Amino acid sequence: MFLLTAVTLCCGAVAGTLTLFEPVVGPTAGPPRDKPATERVAMGDTAQAVRVVGAPFEPNVNPRER
């Protein structure tokens, strides 16, 4: 329990320290980032259709029948 507590506190301290210095770690030059990276990605034209291979899944509701 002591080791688990010690590791948790150390990891929490490292994560908290990195969170405080987050703006400094990133790139300093370039345009300001107003949106997160997930919102900046355009998915409209670049999205591809998903192809399903094989039979569709049907749950086995009666185990005696296969």
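In this predicted model, confidence in the protein chain peaks in helix H1 (residues 2–20), with a mean pLDDT of 93, and is lowest in helix H3 (residues 37–40), where the mean is 57. For the protein chain as a whole, the mean pLDDT is 76. A value of 70 or more is reached by 61% of its residues. Where pLDDT is low, the predicted coordinates should not be read in detail.

| Helix | Residues | Mean pLDDT |
|---|---|---|
| H1 | residues 2–20 | 93 |
| H3 | residues 37–40 | 57 |

The protein chain holds three helices and zero strands. Followed along the sequence, its pattern is α-α-α.

Next comes the surface. The protein chain has 66 residues, and buried residues account for 0% of them. Its exposed area is about 7,100 Å². Carbon and sulfur atoms supply 64% of that area.

The last topic is the cysteines. A disulfide is a covalent bond between the sulfur atoms of two cysteines. How many disulfides does a search of the whole structure find? The search finds zero. Why is there no bond at Cys 10? The closest cysteine sulfur to that of Cys 10 belongs to Cys 11 and lies 6.9 Å away, which is too far for a bond. A disulfide requires the two sulfur atoms to be within 2.5 Å. Seen from Cys 11, the closest cysteine sulfur is in Cys 10, at 6.9 Å, so Cys 11 is also too far from it for a bond.

Terms used: Residues numbered from 1 in each chain as written. Predicted model: local features only at pLDDT ≥ 70, side-chain atom pairs only at ≥ 80, totals over all residues. Heavy atoms only, no water. Helix = DSSP H or I, 4+ residues; strand = E, 2+ residues; numbered from the N terminus. Buried < 20%, exposed > 50% of the residue type's maximum accessible area, 1.4 Å probe, protein only. Areas by Shrake-Rupley, 256 points an atom, 1.4 Å probe, with all protein chains shown as cover. pLDDT = per-residue confidence, 0-100.
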